[in-house]
Amino acid sequence: MAKQPDSDRKPESDLKLPDPAVWAQTWARIAEQSQKLISDFAARQQAEQAQAGSGNGKGPAPLPGQIPAAPVNPDPLNLTGAYMQIAAKLLADPAKLAEAQVRLWQDYAKLWANTTDRFLGKPTEPLVQPDKGDKRFRDPHWEQGAVFDYLKQSYLLTSRWLQKTVTEVDGVDPKVARKVDFYTRQFIDAMSPSNFALTNPEVLRTTIDSNGENLVKGLQNLLGDLERGKGKLNIKMVDAKAFTVGENIAVTPGKVVYQNDLMQLIQYAPTTKEVYKRPLYIVPPWINKFYILDLKPENSFIKWMTEKGYTVFVVSWNQPDETLVDKTFESYMREGILAGLDAVKKATGEEEVTAIGYCIGGTLMASTLAWMAAKGDERIKAVTFFAAQVDFSEAGELSVFTDEDTLSYLENLMSEKGYLDGGEMATTFNMLRANDLIWSFVVNNYLLGKEPFPFDLLYWNSDCTRMPAKMHGFYLRNMYQKNLLSQPGALELAGERLDLRKIKIPVYLQASKDDHIAPYRSVYKATQLYGGPVRFVMAGSGHIAGVINHPAAKKYQHWLNDAKTNPASVDEWMKGAKEIPGSWWDDWDKWLSVKSGPKVPARVPGDGKLKPIEDAPGSYVKKRIVD
């Protein structure tokens, strides 16, 4: 009889451990191999430290009379102070705290009773279930094994109780409450039974089947990640060797036609005989690299736009290092957007363009448009914003990182080199979705001993970028912390007071329903700030998939409201919105095409006054800071 595939086999009620003697020998062998791996790792680290320091593996010896370095602050984000405030408020209302504890004990009593009934063979209904989309408990044993089902449900009960308890405390400063809520969730995510070898049925099964090879391989992966991070854990999320920028991702043909020390400007080759008269000028974020818009031909936004008859220009930001530490937010406007506009005119002869600003590139675009309006500069005739915030009063979870304690910590960190290391920024974004972008890889790489999957989106996500300190500090303080851009005349840039109401050109404003970085409620607020007509669209999915959703994929959905004016709140907007299956790109193309002028003969990069410097995607985007 043929062996039934693993995927078709019904799991047993609980995992069957091997003979205790065999199991003990397995763990002894794992310990022996692990000890050798750790010893080899420690020897390499000591050798590297000795080479970099005084030869004793402890760094350079202090000079006579040298003042000792200040002790490191163990709590630079002042989490202790935040939790002390919560604790004080909880203790001030002992009746409410006691009620919460009783509620937890009652839930546990029900769970114990259910588990007892399961062991006795009685049918039971789960007391609590994982949220839809929670991938941690997909293994069948989490449900079919009584022990693992108990572990799962007790964890979910406790975690939801803890989160509810800290978020329902009255009289706490909203910023403090938001910080406690966020870091409590980080702790809860870390303590999931799926993250530990002895409480994860898939890991236990793999350990038994492989005789422990998964844990040995996982330790090798862990030590490799520590070496890649030079002592800091740098979790490998993707097989980086599977991708090469310009070879199998970011391959849409084009030429770099202009560059300065801050950016390169790429003009893409036409794919139609005629193109719209007004070029399309795209300013992506510099927190990530532009090729999210050009991952592969099947989902490339850039390629799709050339096929629609647009002359596409894209800014590719440089990777800041010690030579660019003096770059400011104003530098990104002058040497980025404005320099690019001048270059587009030289390349095509066209004064007028349409533009796109994505994420922080959109915040910069809005700031620049307000500055241009003050100057009477009307070169941009229509603008699209992808997931771009200009009113940060409801900026979501990223606002946790913009309280005074965190900003002071970041500014001290950036002052050491003049920029924020890309790994710090990547960790911040990964924490917003810790289960998917941190703990899933801990389980896969370290507990299951597997190599990460070669996924182009994760390759892009791991391609970190740095932030010049002056620029980043200005952005965090003036946008996130003080919310000055949304206030007419409150923010000054290059000698002009910015007023978004003076932006009279047509605006297409895109947001995504599940965006954790630029929440749709925050993005929508811009509809009440711009002085011209605004068409708002809400896409399904999140910050990336909500934007990069090729119509051919027929995925997700979007919502449109054809009312003549946008109501004050997004909830009111949604009441009149219609849900439409698939991508919003076609609606946007219809909107943009009538604002792009008549058709003219297609322009080839190099035909104008700017000669090609190198092939797309250029050299700036290929600068990686993490292998």
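**View 1. The lining of the largest cavity mixes 10 nonpolar, 5 polar and 2 charged residues.** The model shown is predicted. This cavity has a volume of about 120 Å³. Its lining counts 17 residues. Nearest the cavity centre lie Asn288, Lys289, Trp317, Asn318 and Thr465. Strand S5, residues 312–317, gives the largest share of the lining, with 3 residues.

**View 2. The second largest cavity holds about 30 Å³ of space.** The structure has 2 cavities of 30 Å³ or more. Lining the second largest one are Pro285, Asn288, Ile292, Tyr358, Trp460, His543 and Ile544. By class, 5 of these are nonpolar and 2 are polar. None is charged.

**View 3. An open sheet is built from 11 strands.** Strands pair through backbone hydrogen bonds, either parallel or antiparallel. Here the pairing is mixed. The strand order is S15-S14-S13-S12-S7-S6-S4-S5-S2-S1-S17. Strand S15 (578–581) and strand S17 (614–615) are the edge strands. Each of them pairs on one side only.

**View 4. Strands S12 and S13 run parallel.** S12 covers residues 507–512, and S13 covers residues 534–539. The two pair over 6 bridges. In one of the bridges, Gln510 has Val537 of S13 as its partner.

**View 5. Helices H10 and H11 pack on the sheet.** H10 spans residues 329–348 and touches S1, S2, S4, S5, S6 and S7. The direction of H10 makes about 30° with that of S2. H11 spans residues 360–375 and touches S4, S5, S6 and S7. The direction of H11 makes about 155° with that of S7.

Note on methods
Residues numbered from 1 in each chain as written. Predicted model: local features only at pLDDT ≥ 70, side-chain atom pairs only at ≥ 80, totals over all residues. Heavy atoms only, no water. 1 Å grid on protein atoms, 1.4 Å probe; cavity = no way out; pocket = protein on both sides within 12 Å on 5 of 7 lines; lining within 4 Å. Points joined across faces, edges and corners; volume = space filled by probe spheres on them. Helix = DSSP H or I, 4+ residues; strand = E, 2+ residues; numbered from the N terminus. Nonpolar A, V, L, I, M, F, W, Y, C, P; charged D, E, K, R; others polar. Pairing = 2+ DSSP bridges. Contact = heavy atoms within 4.5 Å. Axes fitted to C-alpha atoms, helices over the stretch in contact; angles between N-to-C directions.
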